[in-house]
Amino acid sequence: MTGAQPWRMLLCHKHPVSARLHFLVPQRAGVVLPLPLPSLAVFAEGPCDSPLQVHPASALRHVQEELGIGPALELVSEFQVSLEVPGMRLPVYLAALPGHDLCPAPVGTHWIELPKSIGMPWLDRELLRRAYEVLIG
């Protein structure tokens, strides 16, 4: 995936019957797409004061096209997370793959369940935990 994006995306699949939850993560490291989190990223507090923001639908479309995921992804609007990074605020969106079945993981990614995040950096684990909290409660 090319070009710096002023946002990051978490991708998940929650089985509609069992509530089994998987996250699509890069094989290289981290949990967000299309690029890793910048160094020195921390959770932002308070409302965003930036006059210009990327609409989450365009971010969703970009990730879906770049990964070549066929089923339409759905934004999870209840997930509201921003990170402070040097020089800007970086929104992190959550998208869900609908349906009963996982799609094949695109090249360079793989599906994990939350326990597989043990050993990952704290910020990555905390992003997954916050998504889990929104999706499962």
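**Exercise 1.** Does Cys12 count as buried or exposed?

*Solution.* The model is a predicted one. Residues under 20% relative accessible area are classed as buried. Cys12 has a relative accessibility of 1%, so Cys12 counts as buried.

**Exercise 2.** Determine how many disulfides there are, using the sulfur of Cys12 and the closest cysteine sulfur.

*Solution.* Step one is the cut-off: the two sulfur atoms of a disulfide lie within 2.5 Å. Step two is the distance: the cysteine sulfur closest to that of Cys12 belongs to Cys103 and is 12 Å away, which is too far for a bond. Step three looks from the other end: Cys103 is in no disulfide, its nearest cysteine sulfur being that of Cys12 at 12 Å. The count is therefore 0 disulfides. As for its surroundings, Cys103 has 12% relative accessibility and so counts as buried.

**Exercise 3.** Check the span of helix α1 (residues 56-67) against 1.5 Å a residue.

*Solution.* The expected span is 1.5 Å times one less than the number of residues. For the 12 residues of α1 this gives 16 Å. The C-alpha atoms at the two ends are 16 Å apart, which agrees. After the helix comes Gly68, with a positive phi near 70 degrees.

**Exercise 4.** Find which residues of α1 are buried, and explain how they are arranged around the axis.

*Solution.* The buried residues in α1 are Ala59, Leu60, Val63, Gln64 and Leu67. Around the axis they cover an arc of only 130 degrees, which puts them on the same side of α1. The general rule behind this is that an α-helix has 3.6 residues a turn, so residues three or four places apart point the same way. The buried residues of α1 pack against several strands, including β1 (8-14), β2 (21-26) and β6 (88-96).

**Exercise 5.** Work out which strands pair with β6, in which sense, and why β6 is largely enclosed.

*Solution.* Take the partners in turn.

- β1 runs parallel to β6, with 5 bridges; Leu10 stands opposite Leu94.
- β4 pairs with β6 in the antiparallel sense over 2 bridges, and Leu75 is set opposite Ala95.
- β5 (residues 81-85) is also antiparallel to β6, over 5 bridges; Glu84 has Arg89 as its bridge partner.

The link between β5 and β6 is a hairpin with 2 residues between the strands, and Gly87 in the turn has a positive phi of about 85 degrees. Finally, 8 of the 9 residues of β6 are buried, so the strand is largely enclosed by the rest of the structure.

Note on methods. Residues are numbered from 1 along each chain as its sequence is written. This is a predicted model: local features need pLDDT of at least 70, side-chain atom pairs count only at pLDDT 80 or more; totals for chains, interfaces and linings use all residues. Side-chain values use heavy atoms; hydrogens and water are left out. Helices (H or I, at least four residues) and strands (E, at least two) are DSSP runs, numbered from the N terminus. Buried means under 20% relative accessible area, exposed over 50%, partly exposed in between (1.4 Å probe, protein chains only). The arc is that of the directions from the helix axis to the C-beta atoms. Contact means heavy atoms within 4.5 Å. Two strands pair if DSSP finds at least two bridges between them.
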